[in-house]
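I opened a fresh notebook page for this structure. My plan was to look at its hollows, then at how its parts meet.

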Amino acid sequence: MTSAAPTALPVYISALSKYYGAFRAVDDVSFEIAAGEFLTLLGPSGSGKTTLLMMLAGFARPNAGSVRLGDREVIHLPPHKRDIGMVFQNYALFPHMSVGENIAYPLKLRSVGRAEREERVRRVLDLVQLSGYAERRITELSGGQRQRIALARAIVFEPRILLMDEPLSALDKQLRETMQIEIRRLHDRLGMTTISVTHDQREALTMSDRVAVFSRGRLAQVATPSDLYEKPANRFIADFIGESSFIPVRRTPEGLVYGDQLLRLADAGDGAQADPLLMLRPERLSIVRPGQVACDEKRNVFSGLAQSVVFQGESLLIEVRLDPGDVVLVRQSNRAGEAANRPGAGERVDLVLDRPDARIVSAEG
Amino acid sequence: MSLLQTAASDYRQPAATVAALRENAQALDRDRQRENGQLLRLSLPALAIVVILMVAPIGWLFSLSFVGADGGFSFENYTRIVTDGAYVSIFATTFQVAAVVTVLCLLLGYPVAYVLTILPDRFAQALMLAVLVPFWTSLLVRTYAWLVLLQRRGVVNDTLSMLGLIERPLPLVHNMAGVTIGMVHIMLPFLIMPLYASMKAIDGNLMRAAANLGSSPVHAFFRVFLPLSLPGLIAGAVMVFVMCLGFYITPALLGGGKVQMIAQRIEQSVSLFPTWGPAAALAVVLLVLTGGFLLLSWLIVRRFSRGE
């Protein structure tokens with residue numbers, strides 16, 4: 001906020017584990033977060049992402065491992081000595097204090113003088129676009145305003161790391177989308193190392209530099225949003241990030257085969273995975289009339305039977321049973337030009353998958 | 001009715017005629033009235049009990065307090081209370097005992113309520129039972145139990161002298177100490193229960209947030225937890241204080257006549273004086289003081305919570 005931006009720190013997590021009896025909530029997790037990076041921990045509930053965040057904040061005691069902020073090991077530090085900002089899921093704003101008192105709370109603890117305190121509260125309120133709200137009671141605020149105040153309180157003391165626990169889960173869809181953009185904008189402006197937890201894949205893709213996907217206590221993949229979407233490490237991730245259909249493929253000396261059809265794949269190296277599956281993103285498939293497009297080096301064409309067509313506003317979701325028997329989803333954008341190719345239920349169709357979109361994932365994971 | 005007509009004419013195929021809609025409106029109105037009547041009839045027995053057992057006797061007591069020794073109307077019962085120093089000191093003792101007991105209950109009950117809120121459920125239930133079982137036990141039984149424990153050759157004194165900690169038995173009963181110990185024990189649940197309820201309602205993340213922002217556990221307690229538990233604390237303290245003001249059995253038995261509180265004096269007045277007047281006047285004064293105290297605490301709480 002001041003011209004001297006806080007020095008962002010990298011975070012090193014090594015071999016971090018947390019057990020509840022025999023249950024491994026977080027199981028030997030290691031990764032790094034670069035200084036100033038926005039990383040999101042993504043996973044279904046019970047995947048260990050929140051437990052990991054709690055260990056970073058100091059609220060849960062790990063059984064093993066190391067957490068270093070820069071060159072400082074913090075695993076033994078109590079939460080109040082870690083100097084990490086945090087936005088709580090339900091915001092955890094103090095109901096007996098005004099907005100200004102809530103935001104000034106960490107400043108008072110750091111012996112910031114009254115005049116500077118007021119100045120910094122004013123500035124951070126400007127930053128979250130709630131100027132003039134300092135005197136308000138917490139109970140007078142809407143959900144979105146509380147979210148902003150929680151964020152303001154977490155960053156006003158210029159912590160070197162910012163944690164967010166499902167920061168937008170209590171907001172309605174529209175506000176959530178606005179706030180995603182706004183949080184990202186704030187991050188770009190402040191340059192704080194930020195670690196957010198969410199189960200909402202769209203939120204993770206929208207806000208983050210990189211996303212760490214968790215599954216059953218283990219780190220499944222850490223990658224940029226586009227890599228995660230385009231090159232998921234396995235079926236679990238492909239399923240969790242975006243929509244996908246999977247069809248089983250066979251390994252033959254010529255290459256990977258679906259039915260009796262040789263597949264043209266994006267990556268020549270693909271196919272080394274155990275239990276290979278062809279990942280079909282619904283928006284990457286196009287529907288044509290039978291025989292309209294021929295199979296060649298650049299594309300794969302699958303024949304099948306349209307089973308149902310569901311109108312979803314901006315697009316139509318079409319369910320197609322391929323001749324070998326697998327059912328896949330196809331998304332067709334709702335444009336007049338596309339309507340000519342739109343099948344009715346029960347019609348035969350061909351599906352075209354361009355070679356760069358043909359990706360193999362492993363069923364394991 | 002214009003609304004009904006538009007509503008009806010707006011539809012191409014009216015599902016109901018204007019007459020039918022009007023009939024429905026009247027029927028709905030009748031239903032509403034019948035429901036109100038049922039609610040009133042349901043609450044009538046309780047209302048009657050309150051009037052017969054509370055309002056009427058208090059009114060009668062109030063009128064009795066103005067009956068002098070000669071049977072005529074007089075203020076003598078009230079002038080006696082104000083002028084006789086003995087009465088003034090009894091009132092002073094009563095308020096003093098109530099205040100001491102309330103403060104001790106706060107000091108002892110707050111940690112118990114706090115532990116109850118942070119314990120895992122199954123331990124909390126066991127501890128809650130430890131609070132509730134005495135609460136369910138007869139007041140008289142508990143008071144006599146304290147008599148057995150605290151008397152000259154009681155369990156406490158015997159144990160202490162056996163351990164060689166004291167040479168002579170401590171005077172633990174038939175004095176202020178005995179009254180205080182007994183009353184604190186009996187009043188504790190009344191403090192713990194509302195306090196526990198208000199502590200349980202405090203979001204656990206608030207203390208985490210305080211720690212995250214840099215508060216040590218002690219600082220977080222005083223800045224966040226204590227202020228948020230204050231409504232329950234005040235409710236419990238007011239309840240204990242008010243109940244102490246009218247307490248009879250325990251001070252009478254454990255005080256051994258050396259600690260005089262108002263309730264005892266009222267009982268004595270009934271046998272001491274030929275009429276009910278003096279006792280009634282004392283009761284009225286106690287009632288007014290208690291009411292005044294409740295009003296005062298309500299004003300303080302209201303002002304306090306508005307300040308929030």
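Before sorting any lining by class, I wrote down my key: Ala, Val, Leu, Ile, Met, Phe, Trp, Tyr, Cys and Pro count as nonpolar, Asp, Glu, Lys and Arg as charged, and the others, Gly among them, as polar. I also noted that this is a predicted model.

**Entry 1, second largest cavity.** I put the key to use here. The second largest cavity holds about 40 Å³ of space. I listed its lining as A:Y229, A:E230, A:M279, A:R281, A:R284, A:P356, A:D357 and A:R359. Sorted by class, that gives three nonpolar, no polar and five charged residues. A:Y229, A:M279 and A:P356 are on the nonpolar list.

**Entry 2, largest cavity.** I then asked how many cavities of 30 Å³ or more the structure holds. I found four. The largest has a volume of about 80 Å³. Its lining is made of A:F38, A:L151, A:I155, A:L162, A:M164, A:I183, A:L186, A:H187, A:L190, A:M192 and A:T194. Three elements of chain A give two or more residues each to this lining: α4 (143-155), β7 (161-165) and α5 (173-190). Of these I marked α5(A), which gives the most, with four residues. By class I got nine nonpolar residues, two polar ones and no charged ones. The two polar ones are A:H187 and A:T194.

**Entry 3, largest pocket.** Next I turned to the pockets. The largest one has a volume of about 300 Å³. I noted A:D200, A:Q201, A:R202, A:L205, A:T206, A:Y229, A:G242, A:E243, A:E283, A:E314 and A:R331 around it. Which element gives the most to this lining? I found helix α6 (residues 201-207) of chain A, with four residues. The class split is two nonpolar, three polar and six charged. I also saw that domain 1 (11-236) and domain 2 (243-362) of chain A each supply at least three residues of this lining.

**Entry 4, second largest pocket.** This one has about 240 Å³ of space. Its lining includes A:S98, A:G100, A:E101, A:K108, A:R114 and A:E118. In chain A, α2 (99-109) and α3 (114-127) each bring at least two residues to it. I counted the classes as three nonpolar, two polar and six charged.

**Entry 5, between the domains.** Chain A is divided into domain 1 (11-236) and domain 2 (243-362). Taken over C-alpha atoms, the centres of these two domains of chain A are 39 Å apart. The contact takes eight residues from domain 1 and nine from domain 2 of chain A. Together the two domains bury about 800 Å² between them, with 47% of it on carbon and sulfur atoms. On the domain 1 side, A:Y229, A:E230 and A:R235 lose the most area to domain 2, together 68% of what that side buries. I then looked for salt bridges between the two domains of chain A and got a count of one. A:E230 forms a salt bridge with A:R284, the closest N and O atoms being 3.0 Å apart. I had already met A:E230 and A:R284 in the lining of the second largest cavity.

**Entry 6, between the chains.** Last, I checked where chain B meets chain A. The contact takes 21 residues from chain B and 23 residues from chain A. About 1,900 Å² is buried between the two chains, and carbon and sulfur atoms give 62% of that. How many salt bridges does the rule find across this interface? I got zero.

How values were computed:
Residues numbered from 1 in each chain as written. Chains lettered and ligands numbered in written order. Predicted model: local features only at pLDDT ≥ 70, side-chain atom pairs only at ≥ 80, totals over all residues. Heavy atoms only, no water. 1 Å grid on protein atoms, 1.4 Å probe; cavity = no way out; pocket = protein on both sides within 12 Å on 5 of 7 lines; lining within 4 Å. Points joined across faces, edges and corners; volume = space filled by probe spheres on them. Domains from an automatic or database assignment. Contact = heavy atoms within 4.5 Å. Buried area = accessible area lost by both parts, 1.4 Å probe. Salt bridge = Lys/Arg side-chain N within 4 Å of Asp/Glu carboxyl O.
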